[in-house]
Amino acid sequence: MTDSLVIIPTFNEIENIEAIIDAVFQLKKEFDVLVVDDNSPDGTANKVIELQNKYPNHLFLEVRNGKSGLGTAYIHGFKWALARKYDYIFEMDADFSHRPSDLQRLYRACLNGADLAIGSRYKKGVNVVNWPLYRVLLSYGASFYVKFITGMKVHDPTAGFVCYHRSVLEAINLDSIKFIGYAFQIEMKFRAHLKKFKIEEVSIIFTDREQGKSKMSSSIIWEAIFGVITMKFRSLFTKD
C-alpha cells in the first residue's frame with residue numbers, strides 16, 4: 001500500500017471525475033484516491049464505481065446522504081485515512097484547478113520536513129489563470145485579511161490544495177472544527193499554526209475550472225469573513 005492518499009470531494013463532477021482520477025494514477029509517484037461524493041444526482045459516484053474496476057485496491061469511494069459542505073467532506077475523508085496506514089493525506093479539487101502533477105511537489109515538501117505543505121497561488125505574486133479581476137482581488141484580499149487577523153505567515157490561507165502529515169490531523173480535534181465552507185481551509189491551517197507545526201508553501205499555478213459549475217456562494221464568503229474573527233477570538237480562550 002502506498003503511504004499517500006488523495007481525498008477528492010465531489011458534487012456533480014461527472015464532467016471531470018474520470019479525467020482527474022486517471023491523471024492521478026498516471027503519476028510516477030503512487031497515490032491512492034478516495035472520492036467523497038455527496039450523493040451527486042449526475043452519476044459521479046457511479047462513474048467512480050466503474051473506475052474501481054480499472055484501479056482495484058487503489059480507488060475508494062464514500063457516498064454521503066446529501067450535500068453537506070466541503071469541510072465535512074474532508075473531515076469524513078481524514079477520519080477514513082487515519083483509520084488506515086497513510087502517512088500523507090492530500091486535499092485536491094476534482095475540476096483540474098489543481099494540477100495533479102503538483103501532488104508530487106507537495107509530497108516532496110513534506111518528505112523534506114514540512115508537516116503541512118500548501119499549494120500556494122500567492123507565494124510568488126498572483127498565479128491564477130482564467131479568473132476575472134474581481135475574483136482575484138477578492139481572493140487575494142481575503143488572504144491578506146486572514147494573515148492580518150490570525151498572525152499566520154501564510155500567503156494563501158484559503159488554499160484547498162494541501163498535504164498533511166498524519167501527525168497534524170491526529171493532533172487536531174477534527175470533531176471541533178467549526179466551518180464547512182472555504183473557511184474550513186483557513187481553520188485547519190490556523191489549528192496547525194497554533195500547534196506549532198511546520199507549514200511550507202509550494203508555488204503552484206491555479207487554473208479555474210473549464211467543466212462543471214463552481215460551488216462558490218455568498219454564504220461561503222461571509223462565513224470566511226466573519227468566521228476568521230470568531231476563530232481568532234476563540235483561540236485566545238481555548239487550546240482546542
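User: I would like to start with strand β2. How many of its residues are buried?

Analyst: A residue is called buried when its relative accessible area is under 20%. In this predicted model, 6 of the 6 residues of β2 are buried, and the strand is mostly covered. Its side chains go two ways: D32, L34 and V36 point to one side, V33, V35 and D37 to the other, and all of them are buried.

User: Which way does β2 run relative to β1, and how many bridges join them?

Analyst: β1 and β2 run parallel and are joined by 6 bridges. To find the register, look at T10, which stands opposite D37 of β2. β1 also pairs with β4 (residues 88–91), again in the parallel sense, over 4 bridges; β1 itself spans residues 4–10. There the residue to look at is V6, which faces F90 in β4.

User: In what order do the strands lie in the sheet?

Analyst: Read the order from one edge to the other. Here 7 strands make an open sheet, ordered β3-β2-β1-β4-β7-β5-β8, with mixed pairing. The edge strands are β3 and β8 (199–203); each has a single partner strand, so one side of each is left without a neighbour in the sheet. From one strand to the next, the twist averages 20 degrees.

User: Where does the mixed pairing show up around β5, and which partners does it have?

Analyst: Compare its two pairings. β5 runs antiparallel to β7 (residues 162–165), with 3 bridges, and parallel to β8, with 5 bridges. On the β7 side, I118 has V162 as its bridge partner; on the β8 side, L116 is partnered by I199.

User: Is β5 buried or exposed?

Analyst: All 5 of the 5 residues of β5 (residues 116–120) are buried, so the strand is largely enclosed by the rest of the structure. L116, I118 and S120 point one way, while A117 and G119 point the other way.

User: Which strands do α1 and α2 touch?

Analyst: For a helix on a sheet, list the strands in contact and then take the angle to one of them. α1 lies across β1, β2 (32–37) and β3, and runs at about 160 degrees to β2. α2 packs on the sheet as well, touching β1, β2 and β3, and its direction makes about 155 degrees with that of β3.

User: And for two helices, at what angle do α3 and α7 pack?

Analyst: α3 (residues 70–82) and α7 (residues 183–194) pack at about 45 degrees, with their axes 8 Å apart. The two helices are therefore oblique to each other. L70, G71, Y74, I75 and F78 of α3 meet F184, Q185 and M188 of α7. Sorted by class, this contact has 6 nonpolar, 2 polar and no charged residues.

User: Turning to charges, how many salt bridges are counted?

Analyst: The rule asks for a Lys or Arg side-chain nitrogen within 4 Å of an Asp or Glu carboxyl oxygen. The count comes to 11 salt bridges. One of them joins E18 and K47, whose closest N and O atoms are 3.6 Å apart. E18 is in α1 (residues 17–25) and K47 in α2 (residues 44–52), so the pair ties together parts that are 29 residues apart in sequence. E18, K47 and E50 are linked in a network of salt bridges.

User: Are E18 and K47 buried or exposed?

Analyst: E18 counts as partly exposed, at 32% relative accessibility. K47 counts as buried, at 19%. Apart from its neighbours within four places in sequence, K47 is in contact with I14, I17 and E18. For scale, the C-alpha atoms of K47 and R191 are 35 Å apart, with their positions 144 residues apart in sequence.

User: What distance separates N and O in the salt bridge of K54 and D22?

Analyst: That distance is 3.3 Å. K54 sits in the loop between α2 and β3 (59–63) and D22 in helix α1, so the pair ties together parts that are 32 residues apart in sequence. D22 counts as buried, at 13% relative accessibility.

User: Where do R166 and E170 lie?

Analyst: Both are in helix α6 (residues 166–171), 4 residues apart, about one turn of the helix. Their salt bridge has its closest N and O atoms 2.9 Å apart. R166 is buried, with a relative accessible area of 13%.

Note on methods
Residues numbered from 1 in each chain as written. Predicted model: local features only at pLDDT ≥ 70, side-chain atom pairs only at ≥ 80, totals over all residues. Heavy atoms only, no water. Buried < 20%, exposed > 50% of the residue type's maximum accessible area, 1.4 Å probe, protein only. Pairing = 2+ DSSP bridges. Axes fitted to C-alpha atoms, helices over the stretch in contact; angles between N-to-C directions. Contact = heavy atoms within 4.5 Å. Parallel < 35°, antiparallel > 145°, perpendicular 65-115°, else oblique. Nonpolar A, V, L, I, M, F, W, Y, C, P; charged D, E, K, R; others polar.
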